[in-house]
Structures are given as C-alpha cells and as structure tokens.
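Me: Could you take a close look at one part of this model with me, and then work outward from there? I am in my first year, so please go step by step.

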Amino acid sequence: MAQSTLDSMPGASTGTVVITEPLNFWGGKRVKPREEKNAEPVFEPATGRVLCQMVPCGAEEVDEAIQSAYAAYQKWSKMAGMERARVMLEAARIIRERREKIAKLEAINNGKTITEALVNIDISWKSIEYYAGLAGTLAGQHIQLPGGAFAYSRREPLGVCVGIGAWNFPFVIATMKSAPALACGNAIVYKPSPMAPVTAVILAEIYKEAGVPDGLFCVVQGGAETGSLLCHHPKVAKVSFTGSVPTGKKVMEMSAKSVKQVTLELGGKSPLIIFKDCELENAVKGALMANFLTQGQVCCNGTRVFVQREIMPQFLEEVVKRTKAIPVGDPLLGSTRMGPLISKPQLEKVLGFVSQAKKEGARVLCGGDPFVPSDPKLKGGYFMSPCVLGTSNTLVNGGTAHAQSALFFNTQSLSTDNCRDDMTCVKEEIFGPVMSVLPFDTEEEVIQRANNTTFGLASGVFTRDISRAHRVAASMEAGTCFINNYNINPIELPFGGYKMSGFGRENGQVTIEYYSQLKTVVVEMGDVESLF
C-alpha cells in the first residue's frame with residue numbers, strides 16, 4: 001500500500017521528483033485538503049525547485065484527525081501488549097524492506113546525503129522493533145496490605161498523543177515519537193515540519209499496512225496555527241515537541257492551559273572538550289562528526305570545540321585539512337558527504353552567523369561561503385562550504401606548534417584573535433556546518449566555560465585519562481555526555497536535555513513512563529473500618 005509514493009524512487013534522481021498525492025492521513029487513508037488556500041511550497045533543497053505544495057490543516061481537519069485517532073485508541077488500548085508488538089514488528093519489517101526507497105525520498109525532501117538517510121531509516125525500524133519488544137512487558141505492582149487487603153497498580157495509556165516534529169530528521173522523529181506511544185497503547189496525531197512533510201505520510205501508510213486500526217497514526221500538515229490547534233484540543237492528552245526553544249515555550253504554555261503532559265526536545269550549543277592527552281586522530285574525527293552531520297543541522301551537535309592549548313595547532317591543521325576535503329554536492333550520490341541546507345532562509349541565516357563572527361573578531365580558517373556545485377541542476381540549491389572558526393594565537397602561546405602547522409596561517413594570523421565565549425557564534429545555536437574552536441588551559445576552567453550556557457542537550461570529552469573522562473562527564477550539565485566519541489545515539493539510550501534544552505526523554509526504556517500513566521487499585525477483603 002505504501003508503495004504508491006515510493007514506486008518512482010528507484011529511478012529517481014535529484015531534480016526529477018514531484019509529489020502530487022495528499023500529505024494528510026487519517027481514518028486509514030490519505031486525505032485531500034478541504035481548501036487549497038494558504039498553500040505553501042515545499043522546496044527540494046538541492047535544486048531550489050518546488051517539490052510539492054503543503055496545505056495547512058484548519059480546525060475542522062484537526063478535529064477530524066483527532067476524533068479518528070481517539071476511535072482507534074479505543075481499540076488499540078484494549079489489545080494485549082504482545083498483540084500490539086506483532087503489528088509493530090510487521091511495520092518495522094516493511095520499513096526495512098523499503099529502506100532504500102524511503103531514504104531516497106528523505107534525502108530529496110530534506111537535503112541530507114543518501115548515506116546518512118539510509119542510516120536514519122535503519123534507526124527508525126530499530127526504534128519500532130525496540131518498543132515492540134517492550135510492549136508486552138508493561139506491568140504494575142502488587143502490594144500486600146494488612147488484614148488480607150491488597151493493592152495493585154496498572155500502567156495505562158494516556159490516550160491521544162500529539163507529536164510535533166522537526167525538519168532535520170523527518171522520518172526518524174516520526175518513529176521516535178510514535179513507537180513508544182503505540183507500544184503503550186496510545187494513538188498519535190503527528191504534525192511534521194512544513195519544510196519536510198513528505199515521509200511522515202509514508203510511515204502512516206506503513207502502519208496501516210502492518211495492521212494498526214484506522215486512525216491510530218494520523219498525519220496533519222501545517223505550521224504554527226495547526227500546532228496551536230493540536231495543543232489546545234481537549235481530546236489530546238500529551239504533546240511531544242522537537243524544535244526550537246522559543247516554539248517549545250509556546251507549546252508548553254498552550255498545553256498547560258488544559259494540563260497536558262509535555263515532552264520538549266529543544267536546541268543546544270553543546271561543548272566538546274579535547275584534552276592534550278587524547279588520541280588526536282579520534283578527536284579530530286569526533287569533532288567532524290560533532291559538527292557536520294546533516295549539514296550541521298543537528299540539535300545535539302558539539303559546536304563549541306574546546307581544545308587544550310598545547311595541541312591546538314596540530315588539531316586545527318588536521319581539522320581544517322579534512323573540512324576542506326568534505327565533498328559537497330548532490331545528496332543522492334554515494335560519494336557526497338554534505339548536501340544542501342534545508343532552505344534558502346536557513347542558508348542565509350547561517351552565512352549571517354559567519355559574517356557576524358568575523359565582525360566580532362573570529363578568524364575563518366576555512367569555508368563559510370555559499371557553494372555552487374559544478375552540476376548545473378544544483379545551481380539553485382542551498383549549499384555552503386563547511387566552516388571552521390578558530391584561533392591562531394596558540395602558534396605563539398602554545399609552545400609546541402609544528403612547523404607545518406603554520407602553513408595555512410599567514411604572518412598576520414599570528415595575532416591574539418580567538419573565538420571567545422562571548423561571541424555570538426559561540427553563544428547561539430547556528431544550526432549549520434559551522435565549528436567554533438576555542439583554546440583552554442585547565443580542566444576546572446573548561447568545565448566552568450562549557451557549562452556557562454542556557455542549553456544542556458549534549459556534551460563530549462576526548463581524553464586517555466579514564467578518571468578525568470568520568471569526572472568531566474559527571475560535571476557536565478547536559479542530558480548526554482559522549483566519552484571519546486560523539487553523536488552516537490542508540491535507540492536503547494534515553495535522549496533529552498537539561499536546562500532550556502527541554503525535559504522528558506525520548507528513546508530508551510524510560511520513555512515508556514512518558515507515554516503511560518499509573519493507576520492504583522486498592523482492594524479490601526474484609527469489613528470497612530469507619531470513624532463514623
């Protein structure tokens with residue numbers, strides 16, 4: 001059934017796909033918009049070409065989707081966990097079978113490379129498999145009370161949950177939110193980003209094909225107004241949002257009016273700390289993985305790279321050399337390692353951050369410019385060269401600079417220019433392929449600087465000293481700390497933020513608690529003792 005949209009994918013290439021099918025899904029089928037007004041173009045990032053039109057859902061359509069989800073919830077929640085698991089495993093199997101086609105469509109809609117998209121689709125079916133495995137284990141407790149009385153608790157679903165997704169991982173986020181929700185017996189109404197609305201509908205069709213009740217996973221399209229309708233709807237029990245801090249605050253405020261449960265996975269400006277005793281080759285690779293996946297459009301990226309001063313010259317030389325060598329171009333080519341940014345406004349925003357960094361005294365060591373691929377069909381795409389913003393005074397202050405390390409610096413660069421903690425590029429989330437490198441001297445100093453942010457999504461440390469690694473990890477005010485690696489997020493591990501990066505968790509066993517609620521049942525076996 002889900003094959004319809006995917007049929008053209010094997011022969012599709014960049015610049016050839018046009019989406020004409022409706023993007024809404026409820027009641028077990030795609031649903032055409034009631035009105036075509038307020039349609040917004042969805043662009044193919046690699047070409048700047050219009051891929052399809054996204055028509056936002058109004059109040060009646062949102063209500064129709066939620067009523068459809070509620071009816072499906074009534075059936076799904078009464079099924080045994082093992083019954084739900086079998087359906088979910090079938091959905092995972094279908095995704096696995098069609099991974100290449102889904103990945104291709106994802107890359108066309110989002111701009112990420114086909115190499116990354118394939119990994120994302122694998123994460124998606126693994127997520128559904130993982131929570132299918134937990135569906136049959138949901139249980140409460142039995143407590144013995146005095147006089148033969150007893151009590152027990154029941155872990156029950158919440159009802160209709162709303163998922164609001166981001167554009168950087170369209171298919172992954174849809175599965176990350178739906179898999180635990182469905183495992184617990186809930187229904188979910190999902191609103192993808194208006195910029196990447198295409199593959200969530202594919203997931204809806206796959207769930208339908210796998211055997212979920214019609215309406216269990218619905219897709220409504222739209223922007224802020226549609227999101228507001230979802231957050232305010234009286235039949236919605238929970239909202240799970242992935243996106244920016246300002247929008248997350250609004251989601252929380254709207255949901256609070258009817259006391260809905262909320263999970264927020266928001267932005268980050270994560271620190272990556274590299275000590276002089278690190279394995280330098282791994283640290284360089286870790287820094288590249290921490291900054292340039294999905295064109296740098298990853299919320300947990302380690303974009304503040306703190307490097308101990310003694311190894312700064314060697315580190316910068318290697319990072320700049322490898323950054324310059326990153327193949328930028330057609331996302332559907334297996335050799336490409338960086339595709340376009342999601343949109344023209346996002347590209348302009350990121351380039352603006354680089355320009356601002358220069359004004360504030362940062363040195364652009366490479367990249368940071370618009371990039372025009374040689375392929376004519378990509379001339380209108382939203383490409384830029386990956387950028388490293390760095391420091392150069394370590395060449396005179398560090399004392400251990402190799403002669404070859406100075407090759408890419410000129411005499412003028414032997415100044416006191418640095419990325420500084422107070423620079424805009426260091427404080428604010430850029431969400432693009434821009435790495436800011438900062439020197440540090442001591443462990444105590446860098447921990448204080450790393451934590452001096454309103455964000456707290458992720459962090460990382462590279463060192464051979466195992467005691468220091470765990471000491472730093474314990475000190476980081478962030479939901480995740482990577483030791484001697486970065487951006488490794490298996491589905492089995494909880495993911496979420498501290499501080500303004502949000503609360504609640506996605507992935508891992510603990511997420512079951514965020515999609516279920518406990519009921520206590522007290523059973524008296526004897527006579528009632530009364531004071532009255």
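Reply: Val259 is exposed, because its relative accessible area is 72% and the cut-off for that label is over 50%. In this predicted model, Val259 sits in the loop between helix H9 (245-256) and strand S11 (261-265). Its backbone deserves attention as well, for Val259 has a positive phi of about 50 degrees although it is not a glycine.

A useful partner for Val259 is Thr294, which also is not a glycine and yet has a positive phi of about 50 degrees. Thr294 likewise belongs to a loop, in this case the one between helix H10 (280-292) and strand S13 (304-308). With Thr294, however, the relative accessibility is 0%, and because buried means under 20%, Thr294 counts as buried.

Ala224 gives another exposed position, since its relative accessibility is 72%, but Ala224 is placed in a helix, H8 (residues 224-232). Although Ala224 and Val251 are 27 residues apart along the chain, their C-alpha atoms are separated by 9.7 Å.

From single residues we can pass to whole helices, beginning with H6. Of the 14 residues of H6, 14 are buried, so this helix is largely enclosed by the rest of the structure. The length of H6 can be checked too: at 1.5 Å a residue its 14 residues should span 20 Å, and this agrees with its end C-alpha atoms, which are 20 Å apart. Just after H6 comes Gly185, which takes a positive phi of about 100 degrees.

Two packed helices are described by the angle between their axes and the distance between the axes. Helix H6 (residues 170-183) packs with helix H7 (residues 199-210) at an angle of about 35 degrees, the axes being 9 Å apart, and the crossing of H6 and H7 is right-handed. On the H6 side, the residues in contact are Pro170, Phe171, Ala174, Thr175, Ser178, Ala179 and Leu182, while H7 contributes Thr199, Leu203 and Tyr207. Sorted by character, the residues of this contact between H6 and H7 are seven nonpolar, three polar and no charged.

Helix H11 (residues 312-324) allows a similar check, as its 13 residues reach 18 Å from the first C-alpha to the last, close to the 18 Å expected at 1.5 Å a residue. Among the buried residues of H11 are Met312, Phe315, Leu316 and Val319.

Finally, for the wider setting, an unreviewed UniProt entry lists residues 38-390 and 415-521 under "domain: Aldehyde dehydrogenase". The span of residues 38-390 is 45% helix and 18% strand, and its end C-alpha atoms lie 44 Å apart.

Methods: Residues numbered from 1 in each chain as written. Predicted model: local features only at pLDDT ≥ 70, side-chain atom pairs only at ≥ 80, totals over all residues. Heavy atoms only, no water. UniProt positions renumbered as here; feature names shortened; annotations may be inferred. Helix = DSSP H or I, 4+ residues; strand = E, 2+ residues; numbered from the N terminus. Expected span 1.5 Å × (residues − 1). Buried < 20%, exposed > 50% of the residue type's maximum accessible area, 1.4 Å probe, protein only. Axes fitted to C-alpha atoms, helices over the stretch in contact; angles between N-to-C directions. Left-handed = near helix turned anticlockwise from the far one by under 90°. Contact = heavy atoms within 4.5 Å. Nonpolar A, V, L, I, M, F, W, Y, C, P; charged D, E, K, R; others polar.
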